[in-house]
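Thanks for coming, everyone. Let me put the model on the screen, and then I'll walk through the contacts.

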Amino acid sequence: MSKNVRISLYILVPIILWMISGQFVEDSAPTIKPKNELTSVIIAKSSSAFFAPRIILNSSATSEKRVKVMAKTSGEVMPHNISQGQWVSQGQVLCKLGVVELNRTEVKAPFRGYIERIVKPGNLLSRGEVCAVIIELDPLTFVAEVPEVDIKNVIQGQNVLITLVTGETIASKLSFVSKSATPSTRSFRVEVEVKNPQGSIRNGITGTMEITTNKILANKISPSILLLSDEGILGVRIVNAGNVVEFLPIRIIEDTENGVWVSGIPNAANLIVRGQGFVETGQTVEVSQL
């Protein structure tokens, strides 16, 4: 279940239960509360801490070099010991042609890479035809797109954990953060360069990229105390020094299994943790500590 869905449920479920329960309760005479009797709420001191938010993105591996190595002359491909799926070194001969122009008979690898396709001996090659397709697998680059709402927290050099669909994990750092948004998605390209000397990571494989951003001061709270203001703003209610209720807008940073990390709450604020749904901003209340 996504973070946004969970937060919506935290807010909607109490409202729905309250509406349903009202249909089955018989009308009764309203209880008149004495003017000097205050509504009671339970409060707890907020505690700020430094927290490093994580941004989790879909990513895929891509080779920076994928080259079609072409013949410079025509002729028959002579026998060779290079086959598809083999690693070759830079300058290694891929195809040797039986022709008179001796200085053009050898087609060599432009870099160390992996042979994805190569012409078999006995075939005829014309000038400009492909002898082999070679890809560079070391290094590989993992690419992802960061939403514009999160890009301000993403900086080159931050730690990254990539989890491949195969279950393997790769620890690295952000090597590139774009300054220009992709027009169609308004997201920003980020890259992680990964060493792959044995070629064990395949070109095009997908996985999740988890970026650990820089630490910020935040509060971890229970989602049950979240509220929506009349204007539809997400926040919490606190009690000030005069026991008057205030509403604080907050921003959700990360939703975890044991609480929600948010910004916008001062350290040591008196959070209303019980009874927040029965009081209003500006109301004086009677408080007790959790």
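Start with strands S7 and S8. They pair in the antiparallel sense, over 3 bridges. S8 covers residues 106-108. One pairing to pick out: Lys96 has Glu106 in S8 as its bridge partner. S7 also pairs with strand S5, residues 75-77. That pairing is antiparallel too, with 2 bridges. Here Glu76 is bridged to Gly98 in S7. Keep in mind that this is a predicted model.

Stay on S7 for the disulfide. How many disulfides does the count come to? The count comes to 1 disulfide. The link is between Cys95 and Cys131, with the sulfur atoms 1.9 Å apart. A disulfide is a covalent bond between the sulfur atoms of two cysteines. About the S-S bond the angle is 90°, and the link of Cys95 and Cys131 is right-handed. Where do the two ends sit? Cys95 is in strand S7, residues 93-98, and Cys131 is in strand S11, residues 130-135, so the pair ties together parts that are 36 residues apart in sequence. Both Cys95 and Cys131 are buried.

Next, the aromatics. The structure holds 2 aromatic pairs. Take Phe51 and Trp261. Their ring centres are 4.2 Å apart and their planes are at 5°, so the pair is stacked. The cut-off for stacked is under 30 degrees. Phe51 belongs to strand S2, residues 48-51, and Trp261 to strand S23, residues 259-263, so this pair ties together parts that are 210 residues apart in sequence. Buried or exposed? Phe51 counts as buried, at 12% relative accessibility. Trp261 is buried as well, with a relative accessible area of 13%.

Now Trp87 and Tyr114. The ring centres are 6.0 Å apart and the planes are at 70°, so Trp87 and Tyr114 are edge-to-face. This pair links distant parts of the chain, 27 residues apart. Trp87 lies in strand S6, residues 87-88, and Tyr114 in strand S9, residues 113-118. As for accessibility, Trp87 counts as partly exposed at 27%. Tyr114 counts as partly exposed at 28%.

A quick stop at Thr39. Thr39 is in the loop between helix H1, residues 3-21, and strand S1, residues 40-45. Its relative accessible area is 17%, so Thr39 is buried. What does the Thr39 side chain make a polar contact with? The partner is the side chain of Gln283, at 3.3 Å.

On to the nonpolar cores. The largest nonpolar core has 26 residues. Those with the most contacts inside it are Phe142, Val154, Ile162, Leu174, Val190, Met209 and Ile211. Which elements give two or more residues to this core? They are strands S3 (54-63), S12 (140-147), S13 (159-164), S15 (176-182), S16 (187-194) and S17 (206-212). Apart from that core lies another, of 18 residues. Its members include Val69, Val119, Cys131 and Ala132. You have met Cys131 already, in the disulfide with Cys95.

Back to the 26-residue core, and two of its residues. Ile162 is in strand S13. Ile162 has a relative accessible area of 0%, so it is buried. What does Ile162 touch, leaving out residues up to four places away in sequence? Its contacts are Ser59, Phe142, Glu168, Thr169, Ile170, Val192, Val194, Thr208 and Met209. Here is a distance to check on your own screen. The C-alpha atoms of Ile162 and Leu57 are separated by 9.5 Å, and those residues are 105 apart along the chain.

Then Ile211. Setting aside neighbours within four places in sequence, Ile211 is in contact with Pro53, Arg54, Ile55, Leu57, Val146, Val154, Gln158, Asn159, Val160 and Leu174. Val154 and Leu174 also appear among the core residues with the most contacts.

Last, the whole chain. The secondary structure comes to 1 helix and 25 strands. The chain has 290 residues, and 38% of them count as buried. What about sequence range? Among contacts between residues at least 6 apart in sequence, 68% join residues at least 24 apart.

Terms used: Residues numbered from 1 in each chain as written. Predicted model: local features only at pLDDT ≥ 70, side-chain atom pairs only at ≥ 80, totals over all residues. Heavy atoms only, no water. Disulfide = S-S within 2.5 Å. Helix = DSSP H or I, 4+ residues; strand = E, 2+ residues; numbered from the N terminus. Buried < 20%, exposed > 50% of the residue type's maximum accessible area, 1.4 Å probe, protein only. Pairing = 2+ DSSP bridges. Phe/Tyr/Trp six-rings, centres within 6.5 Å; stacked < 30°, edge-to-face > 60°. Polar contact = N/O pair within 3.5 Å; in protein donor to acceptor, adjacent residues only side chain to side chain. Core = buried A, V, L, I, M, F, W, Y, C linked by side-chain atoms within 4.5 Å. Contact = heavy atoms within 4.5 Å.
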